[in-house]
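This briefing is meant for someone meeting the structure for the first time. Please look over the sequence and the model before reading the points that come after them.

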Amino acid sequence: MKLVSSLPLLISATAFMLAAGFKRGRIALASCHVGLSAYILVKAVSSGLDRPDTYVLFTLTSLAIPAIHAWILIQRDTSPLCRKGIAKLAVTLAPSCALLFMWSRPGLLGQWMPELSPTLLETLGEHSLLSIGSLWLFAPVLGLSLLLTLTRRTADEIALFGALAAQMLAISLLKQPHLSTPLLIAAPALLIFAVISHIYAMAFVDSLTGVPARRALEHKLAGLGRQYGIAMLDIDHFKKFNDTYGHDVGDQVLRMVATQLRKVQAGGSLFRYGGEEFTIVFNGRKEEEVVAALDEVRQRVEHYPMRVRSPQRPRSNRQGKQSREGQAQESEQVTVTISIGVAWRDTDEQPSVVIKRADKALYKAKGAGRNRVMTDGPDPRRQRRTRSGAAA
Ligand SMILES: Nc1nc2c(ncn2[C@@H]2O[C@H](COP(=O)(O)OP(=O)(O)OP(=O)(O)O)[C@@H](O)[C@H]2O)c(=O)[nH]1
């Protein structure tokens, strides 16, 4: 039983080490906060809440939990092991450590018992230990956390919201350890989930465009069925964008193309293959349907009204400052086009062979003037091309 009650602390320590290792500042702070709070709550209940010292410790902890959580929510994600991160950690842990210290001096906390307001003495019900006063503090912090979850839609926000909700329920159900212990374990477990999601994204998601990366493509290729097609897509004259407008405009073009490619019909899965190349895998789809969908997306990119800042760069810092202070930087509209090569799997072909054929078709599309879709198949009668509009 002792092992079970120390699980929240152990899992919190694991969450902290993972978060610190992967520089997840807020998750690291929340892990420490959740772990220490769980330790205090379990200790308070096992020592008996009928003692004034312990009751005050418990009450102040149930107020400190949402208050410190709110502070963590508004922090920036700095590395937990740098000087600033350590200072934040000290601020996070200071209230709970101070409470524990005062609790170790008999009579010190208990003297505040008569000072507690009636809302801190009145609980939600006979079986609940959550006071009305504590609920008043939890509610707005949960609201803020929910708002951040809905606006940012990240695993970190989901985990921080879930951890706070789990802690509130755990306090409420503290009289029933078979219910409160799993909740106290769930809180740091959610924080571990957030770090794992981050690790997953680092390995499988391209940070510039937000689409699955090459490693995710490898996994996809390993699990394909018998009938599939692979399209290789490349932005035309992309080097020119970088050279004319700068690397950040090149990045902007990459993001726009990725956004358009995400809308591809026919159920394709999009990946960034590398550089300015993308791959779309169509599993169990008809070739005609796929070629039509690819041509549609090609046209959508071509007709996208892409505005970029003008290539005239300031010649000196003074000139740059003047133009920033004066009129807004001029922008111009550019046309972005893509070339696409697609290959359909033939009997017993490995995905790597299909990719090579799709690449061959892409090369042909480039050679034929770009801004077109071309297919490649072992049977020359299956080769086709689709094009409308002009190349960039
Ligand atoms: N901005 C930006 N540029 C990148 C990125 N990855 C690769 N590049 C650039 O993409 C360019 C690729 O150029 P090339 O392979 O010569 O092809 P291209 O200019 O698109 O010409 P074609 O493919 O023949 O139409 C290089 O200049 C790379 O530096 C990136 O993530 N961001």
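What follows covers the surroundings of the ligand and then one helix. The model is a predicted one, and 17 residues surround its ligand. Helix α2, treated afterwards, takes in residues 25–47.

**The shell around the ligand**

- Among the 17 residues that surround the ligand, the closest are His237, Phe238, Lys239, Asp251 and Arg272.
- Sorted by class, this shell is made up of eight charged, five polar and four nonpolar residues.

**Polar atoms facing the ligand**

- An oxygen atom of the ligand lies 2.8 Å from a polar side-chain atom of arginine 272, and for lysine 366 the distance between a polar side-chain atom and an oxygen atom of the ligand is 2.9 Å.
- Asparagine 242 has an N or O atom in its side chain that is 2.9 Å from a nitrogen atom of the ligand.
- Taken on its own, the ligand has 670 Å² of accessible area, of which the protein covers 67%.
- Two or more residues of the shell come from each of the elements β1 (228–235), α10 (238–245) and α11 (247–262), and α11 gives the most, with four residues.

**Helix α2**

- The 23 residues of α2 should span 33 Å at 1.5 Å a residue, and this agrees with its end C-alpha atoms, which are 33 Å apart.
- Helix α2 is largely enclosed by the rest of the structure, because 17 of its 23 residues are buried.
- Glycine 48, which comes just after α2, takes a positive phi of about 100 degrees.

Technical notes:
Residues numbered from 1 in each chain as written. Predicted model: local features only at pLDDT ≥ 70, side-chain atom pairs only at ≥ 80, totals over all residues. Heavy atoms only, no water. Near = heavy atom within 4 Å. Polar contact = N/O pair within 3.5 Å; in protein donor to acceptor, adjacent residues only side chain to side chain. Areas by Shrake-Rupley, 256 points an atom, 1.4 Å probe, with all protein chains shown as cover. Nonpolar A, V, L, I, M, F, W, Y, C, P; charged D, E, K, R; others polar. Expected span 1.5 Å × (residues − 1). Buried < 20%, exposed > 50% of the residue type's maximum accessible area, 1.4 Å probe, protein only.
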